[in-house]
Amino acid sequence: HLKVERAVLSGLSMGGYIALRAAERQPERLSGLVLCDTKSGPDTDEAKIKRAATIAAVKKDGVAKFANEFIKAVLTENTLKTKPAVVGPLLNSILGNSPLGISGALLAMAARTDTTAALAKITVPALILGGEQDKITPPSAAEAMLKAIPKAAMHVIPGAAHMSNLENPGVFNEKLLAFLK
């Protein structure tokens, strides 16, 4: 639609899953890849069961309870206590979703394809960014991708968890812009 033949593709969290799948399916369309707070492996059975339970809870209890629990999982304790300018908009963004939309996203993540085998085939420069306190996709997941992608660089974002771009935008943007240049 936009007639963009090649681009640097960037994805954070679930967007990283999508970016990895795009790199696997249409590598000729990429001139670079940025993977933020994400991983290439599929959900474990335990994670799939947790996602199913979360879907049931969202249907039963609604979006507000999900949103309040979700932000605790994706932000550092420090951010939750001291950065209302980060917490408020993120909470409002989540609250703007329907139970059906949240459930669909959870289901899609649980069913996603394992893209680990495709990492070695990525030939464009890649940047991997992740929060030092990310419990969902920890630095060890980023390191595994770094080892597998031939032209990759990685930076751990201090003072950040799963939303490293929101929690430490200064460092995040510095690393991203340096890569893009």
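Six helices each put at least two residues into the lining of the largest pocket in this predicted model: H1, H2 (45-61), H3 (63-74), H4 (77-82), H5 (84-95) and H6 (99-110). H2 is the top contributor, handing over eight residues. In all, 43 residues line this pocket, and those lying nearest its centre are Arg-51, Phe-70, Ala-73, Val-74 and Ile-136. The space they surround comes to about 1,300 Å³. As for chemistry, the lining of the largest pocket splits into 21 nonpolar residues, eleven polar ones and eleven charged ones.

The runner-up is the second largest pocket, with a volume of about 160 Å³. Its lining draws on the start of the numbering, with His-1, Leu-2, Lys-3 and Val-4 among the residues involved. Ala-7, Leu-9, Ala-22, Gln-26, Arg-29 and Leu-30 make up the rest of the lining. Sorted by class, the second largest pocket has six nonpolar residues in its lining, along with two polar and two charged.

Then there is the strand pairing. S1 (residues 7-12) and S2 (residues 30-36) run parallel to one another and are joined over six bridges. One pairing to look for in the model is Gly-11, whose bridge partner in S2 is Leu-35. To get from S1 to S2, the chain passes through H1 (residues 14-25), giving a β-α-β crossover that is right-handed. H1 thus turns up twice in this account: as the helix of that crossover, and as one of the helices supplying at least two residues to the lining of the largest pocket.

Definitions and conventions. Residues numbered from 1 in each chain as written. Predicted model: local features only at pLDDT ≥ 70, side-chain atom pairs only at ≥ 80, totals over all residues. Heavy atoms only, no water. Pairing = 2+ DSSP bridges. Helix = DSSP H or I, 4+ residues; strand = E, 2+ residues; numbered from the N terminus. Right-handed = clockwise from strand over helix to strand, strands pointing away. 1 Å grid on protein atoms, 1.4 Å probe; cavity = no way out; pocket = protein on both sides within 12 Å on 5 of 7 lines; lining within 4 Å. Points joined across faces, edges and corners; volume = space filled by probe spheres on them. Nonpolar A, V, L, I, M, F, W, Y, C, P; charged D, E, K, R; others polar.
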